[in-house]
Amino acid sequence: MRGLQVKELAHHSKIELSYDVPEPTAKEGEILIDVYSGGLNFFDILQTQGKYQIKPPLPFVLGTEFAGKVAQNSPIPPGCPFKPGDRVFGAGQGAYADKMVVKLDSVLPLPDELTFEQGAGLYITWPTSYEGLVGRAQMKPDEWVLITAAAGGVGIAAVQLAKALGGKVIAAAGSQEKLEIARRYGGADYVVDYSKPDWQKDVLKITNGVGVDIVFDPVGLVQSSFKCLAWRGRVVVVGFAAGSIEKLPSNLILLKNISVVGLHWGAYRIHEKKQIAVVWKALLDLFSSGKAKPVIYSEIYPLEKLSQGLAALEHRKTYGKVVVTIRKDDMATAKL
């Protein structure tokens, strides 16, 4: 079968698509998936070079997020809610291939309203955004929410979710193009360019001098956002896309009576497994109702051009979720 198999650690641009990858065999508690689409992540770029914390033994097939169908020749473990042919999405190692094996607890049913391309980018970004806003920030309707990196995968999901949950949303990004994406596809009420000096003044003006109740930050702009955070405001630390980890002045946290909380969604499987089902029920209900809709980058790459998609992601030329098409869905029932 086809697959982007990493035989030696190297930059993704030096790894060619293989056409003789052995079909994987499902073990106990796993099912075999016919992969239709894969979701690209920045950590893919690190993993091919051995710079990511998850280091599969060589050789391995790259890719984590997927959408597809349960393969006709897949074993069906006891208690499995799926049957061959069911549309599913989830995560596991080896998504950039014709087939992959996935642990049963890492697979969910793909709503009929969504395409495989849309489903390929759900598993990591959307629960991160939802739990950050609802579980960690305890967001309430009519609160002001500032979302940084608002055109990225996690950010654009957070913009949509904050709107769906009744928030007043300010989307922040570093270019007019990305701000337009956040407004057009996310539904942001206001946009702010944080590449400008004193951008926080724009936020304060929008909020009539009060500041925002919540800052959702995947970038690393926590300290600078303190300047436009309201009394009793909450900051959710989601990531450090800017590249550096901030050292925060605790006196400002004290003086403004604010809370800074972290979110590591991947650790919920270890520490708070019951919450995973709660989050996914809420998200699937939002997708089914049409209140939330995954945003896909305008160029969908075929498997043969996967490296081009990773390069676009690497150089921050993308928005929403970048996906690769593994096989066509002739029976698609939804539209992008």
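1. A good place to start is Ser225, which sits in helix α7 (residues 222–225); helices here are DSSP runs of H or I of at least four residues, and strands are E runs of at least two, numbered from the N terminus. Please keep in mind that this is a predicted model, where local features need pLDDT of at least 70, side-chain atom pairs count only at pLDDT 80 or more, and totals for chains, interfaces and linings use all residues. Residues are numbered from 1 along each chain as its sequence is written, and side-chain values use heavy atoms, without hydrogens and water.

2. Is Ser225 buried or exposed? Ser225 is buried, with a relative accessible area of 0% (buried means under 20%, exposed over 50%, partly exposed in between, with a 1.4 Å probe and protein chains only). Beyond its neighbours within four places in sequence, Ser225 is in contact with Trp199 and Val215 (contact means heavy atoms within 4.5 Å).

3. Now to the nonpolar cores, sets of buried Ala, Val, Leu, Ile, Met, Phe, Trp, Tyr and Cys residues joined through side-chain atoms within 4.5 Å. The largest one has 48 residues, and Phe89, Ile147 and Trp280 have the most contacts inside it. Elements that each supply at least two residues of this core include β5 (87–91), α3 and β11 (212–217). Helix α10 gives the most to this core, with 8 residues.

4. Ile147 deserves a look of its own. Leaving aside neighbours within four places in sequence, its contacts include Gly155, Val169 and Phe216. Apart from the largest core lies another core, of 36 residues, with Leu17, Ile45, Val88 and Met100 among them.
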